[in-house]
Amino acid sequence: MASEKRKDTALLATRAGRYREHAPPPTLRRHFSRLWSHALHNGPPAMVAIVPDGYCDLLWIDSRLVAAGPDRTAAFPVIRPGATVIGARFAPGAAAPWLKTPLSALVGCSVPLADIGWKDTAEFEARLADCPDPSAAMALFGRLLEGTARDAEEPARDAAMIFAAADSGRPASGLLDRLGMSERQLRRRCHHHFGYGAKTLERIRRFQRFLDLCRKSGTMPLARLALETGFADQPHMTREVGELSTLTPAVIFDQLGMRKRAD
């Protein structure tokens, strides 16, 4: 009964408030794919679903800097109404070198940077806490990251290639010869840089392709949506989307606001 209630009431995070993202400045583009902010609405708290995307983020939330590790399934954090969360999404292969932590240790977790020994955490938090408003905090957050990026390790190129393959619907195993590694080495690299194996990453990126198509589509039937996204059929899509998000494809499509059910 609880899971059914969650399916009926959970909101995708991008629907719960005002979400904005933009490309990072050139000095950060090797390390981060997006900078973003999320201002939640005031009023009664909603059940917010943060669905897996294969990424790790740095967050400024509740006066703390936090590393939000990759998720296998949807997370349902309790976030104060009216709060603004500021984030930086690591580029594929950049998080583990930057944090000096394998992402397998951060799966499903949000960990204060101070707890993983990230340098300058206390100073950064103090400076961000002095900002008069979220827009000032966002600007300072970017500048602080730019200063740190000068000493950060380079992102792992093999991880970026693995992510790109998963993102395009190609199996990462097809890269073994190009990467010069075995299946076991591929698994180890994926767990280090993404928190889980290549198959899980491929499932998550296919789910993200489904979300992207939901945003763009008008009245596409669910069966066609399944095939366009790369699922075997509609029941396969329904099962996978439910396992990753707890929501049904129809609920997600309606939440993203591009159509009423066409089938």
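**View 1. Ile252 and the residues around it in this predicted model.** Start with Ile252, a residue with plenty to show. Leaving aside residues up to four places away in sequence, Ile252 touches Leu12, Phe207, Phe210, Leu211, Cys214, Val241, Ser245 and Leu247. Several of these names will come back when we get to helix 8, where Phe207, Phe210, Leu211 and Cys214 are among the buried residues.

**View 2. The largest nonpolar core, a set of 41 residues.** Step back from Ile252 and you'll find that it is one of the residues with the most contacts inside this core, along with Ile162 and Phe210. Who supplies the residues? At least two come from each of helix 5 (157-167), helix 6 (176-179), helix 7 (183-194), helix 8 (198-216), helix 9 (222-229), helix 10 (234-245) and helix 11 (249-255). Helix 8 gives the most, with seven residues. Domain 1 (1-150) and domain 2 (157-257) both contribute residues, so this core lies between them. There is also a second, separate core: it has 32 residues, including Phe32, Trp98, Leu103 and Ala152.

**View 3. Helix 8, covered by other helices.** Here's the helix that gives the most to the largest core. Its 19 residues should span 27 Å at 1.5 Å a residue, and its end C-alpha atoms are indeed 27 Å apart, which agrees. The buried residues of helix 8 are Ala198, Thr200, Leu201, Glu202, Ile204, Arg205, Arg206, Phe207, Gln208, Phe210, Leu211 and Cys214. Look around them and you'll see that their cover includes helix 5, helix 7, helix 9, helix 10 and helix 11.

**View 4. Leu175, in the loop between helix 5 and helix 6.** Is this loop residue buried or exposed? Leu175 has a relative accessible area of 5%, under the 20% cut-off, so it counts as buried. Beyond residues up to four places away in sequence, Leu175 touches Met161, Ile162 and Ala165. Ile162 is a name we've met already, as one of the residues with the most contacts in the largest core. Leu186 sits eleven residues from Leu175 along the chain, and their C-alpha atoms are separated by 9.3 Å.

**View 5. Two domains and the contacts between them.** The domain assignment splits the chain into domain 1 (1-150) and domain 2 (157-257). Taken over C-alpha atoms, their centres are 22 Å apart. Where the two meet, 25 residues of domain 1 are in contact with 26 residues of domain 2.

**View 6. Helix 4, residues 134-149.** This helix has 16 residues and reaches 22 Å from its first C-alpha to its last, close to the 22 Å expected at 1.5 Å a residue. Its buried residues are Ala137, Met138, Leu140, Phe141, Gly142, Leu144, Leu145, Thr148 and Ala149.

**View 7. Strand 7 and its partners, strand 3 and strand 5.** Strand 7 (84-90) is mostly covered, with six of its seven residues buried. Strand 3 (residues 32-39) pairs with strand 7 in the antiparallel sense over seven bridges, and Ser37 stands opposite Ile86. Strand 5 (residues 57-61) also runs antiparallel to strand 7, joined by four bridges. Follow two of the partners across: Leu59 goes with Gly87, and Leu58 goes with Ala88.

**View 8. Strand 5 and its hairpin with strand 6.** Five of the five residues in strand 5 are buried. Asp57, Leu59 and Ile61 point one way, while Leu58 and Trp60 point the other way. That fits a general pattern: in a regular strand, side chains alternate between the two faces of the sheet. Strand 5 and strand 6 pair in the antiparallel sense over five bridges, with Arg64 as the bridge partner of Ile61. Two residues lie between the strands of this hairpin, where Asp62 takes a positive phi near 50°.

**View 9. Two more loop residues, Val78 and Thr101.** Val78 is in the loop between strand 6 (64-68) and strand 7. At 85% relative accessibility, over the 50% cut-off, Val78 counts as exposed. From Val78 to Asp233 it's 155 residues in sequence and 35 Å in space, C-alpha to C-alpha. Now for Thr101, in the loop between helix 2 (95-99) and strand 8 (110-112). Thr101 counts as buried, at 11% relative accessibility. A polar atom of its side chain lies 3.0 Å from the backbone oxygen of Leu99. Not counting residues up to four places away in sequence, Thr101 touches Ala96, Leu106 and Ile116.

Technical notes. Residues are numbered from 1 along each chain as its sequence is written. This is a predicted model: local features need pLDDT of at least 70, side-chain atom pairs count only at pLDDT 80 or more; totals for chains, interfaces and linings use all residues. Side-chain values use heavy atoms; hydrogens and water are left out. A nonpolar core is a set of buried Ala, Val, Leu, Ile, Met, Phe, Trp, Tyr and Cys residues joined through side-chain atoms within 4.5 Å. Buried means under 20% relative accessible area, exposed over 50%, partly exposed in between (1.4 Å probe, protein chains only). Domain bounds come from an automatic or database domain assignment. Contact means heavy atoms within 4.5 Å. The expected span of a helix is 1.5 Å times one less than its number of residues. Two strands pair if DSSP finds at least two bridges between them. A polar contact is a pair of N or O atoms within 3.5 Å; within protein, one must be able to donate a hydrogen and the other to accept it, and residues adjacent in sequence count only if both atoms are side-chain atoms.
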